[in-house]
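Biologist: Please put the chain on screen. I will ask about it piece by piece, and I would like the reasoning before each answer.

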Amino acid sequence: MLAKPIIDEYKKFLEEIYKNIFSKRSKMGQAIYYSLNNINKLSNYLLDGRLEIDNRTERYISPFTISRKNWIFSFTDRGANSSTIVYSVTTTVIENHLKVFEYFTYLFDNLAKYNLYNLSENDIAEIKDKLLPYSPNLPINLKLK
């Protein structure tokens, strides 16, 4: 396991700095103290070799979280809800190894065939079967090589 020696070295590094830091109450002192107190939590994933240091959800949501100040322009709950749906579908598209732009083009072209304000149960079943990112019936040209 390549990560364990790096984490051990990081812990030693933090301990050394913390011993020699001028003010434990400074922002730097607090940050180092916080890191030292949470090093075991950081290392938890090492207990099971199947686990990664982060998970896919964290990786995919990170750009949205970092950019959230750009999205304060969702002036309504409906706008924020719509953004959430788009981000969720985009993540699902990526996770299913599809081309994002091509998928959304396909989705919108095909959704136009339905009366979205009055969907029948058959329409809903057909949309799930043919249009959702995890559908096995999607055209091959949407899939990444």
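Biologist: How many aromatic pairs does a search of the whole structure find?

Modeller: This is a predicted model, so local features need pLDDT of at least 70 and side-chain atom pairs count only at pLDDT 80 or more, while totals for chains, interfaces and linings use all residues. Residues are numbered from 1 along each chain as its sequence is written, and side-chain values use heavy atoms, with hydrogens and water left out. Rings of Phe, Tyr and Trp (its six-membered ring) pair if their centres lie within 6.5 Å; planes under 30 degrees apart count as stacked, over 60 as edge-to-face and the rest as tilted. By that rule, the number of aromatic pairs found in the whole structure is three.

Biologist: Which parts does the pair of Tyr18 and Tyr33 tie together?

Modeller: The rings of Tyr18 and Tyr33 are 6.0 Å apart, centre to centre, with 35 degrees between the planes, a tilted pair. Helices are DSSP runs of H or I with at least four residues, strands are runs of E with at least two, and both are numbered from the N terminus. Tyr18 lies in residues 3-20 and Tyr33 in residues 27-37, so the pair ties together parts 15 residues apart in sequence: helices α1 and α2.

Biologist: Which residues do ring pairs link into a cluster?

Modeller: The same pairing rule for rings applies here. The cluster linked by ring pairs consists of Tyr103, Phe104 and Phe108.

Biologist: How far apart are the end C-alpha atoms of helix α6?

Modeller: The expected span of a helix is 1.5 Å times one less than its number of residues. For the twelve residues of α6, 100-111, that gives 16 Å. The model agrees, with its end C-alpha atoms apart by 16 Å.

Biologist: What arc do the buried residues of α6 cover around the axis?

Modeller: Buried means under 20% relative accessible area, exposed over 50% and partly exposed in between, with a 1.4 Å probe and protein chains only. In α6 the buried residues are Tyr103, Phe104, Tyr106, Leu107, Asn110 and Leu111. They are on the same side of α6, because the arc, taken from the directions from the helix axis to the C-beta atoms, is only 160 degrees.

Biologist: Which residues are exposed on the other side of α6, and which helices are included in what covers the buried ones?

Modeller: The exposed residues on the other side of α6 are Phe101, Phe108 and Asp109. The cover over the buried residues, judged by contact (heavy atoms within 4.5 Å), includes α5 (77-95) and α7 (121-130).

Biologist: How many salt bridges are there?

Modeller: A salt bridge is a side-chain nitrogen of Lys or Arg within 4 Å of a carboxyl oxygen of Asp or Glu. Lys4 and Asp8 meet at 3.1 Å, N to O, Lys19 and Glu16 at 3.4 Å, and Glu126 and Lys130 at 3.6 Å. The count by this rule is three.

Biologist: Is Lys19 buried or exposed?

Modeller: Lys19 and Glu16 are three residues apart in helix α1, about one helical turn. Glu16 counts as partly exposed at 41% relative accessibility. Lys19, at 59%, is exposed.

Biologist: Which residues does Asp129 touch, not counting those up to four places away in sequence?

Modeller: Asp129 is placed in helix α7 and is partly exposed at 40% relative accessibility. Beyond that sequence limit, its contacts are Ser135 and Asn137.
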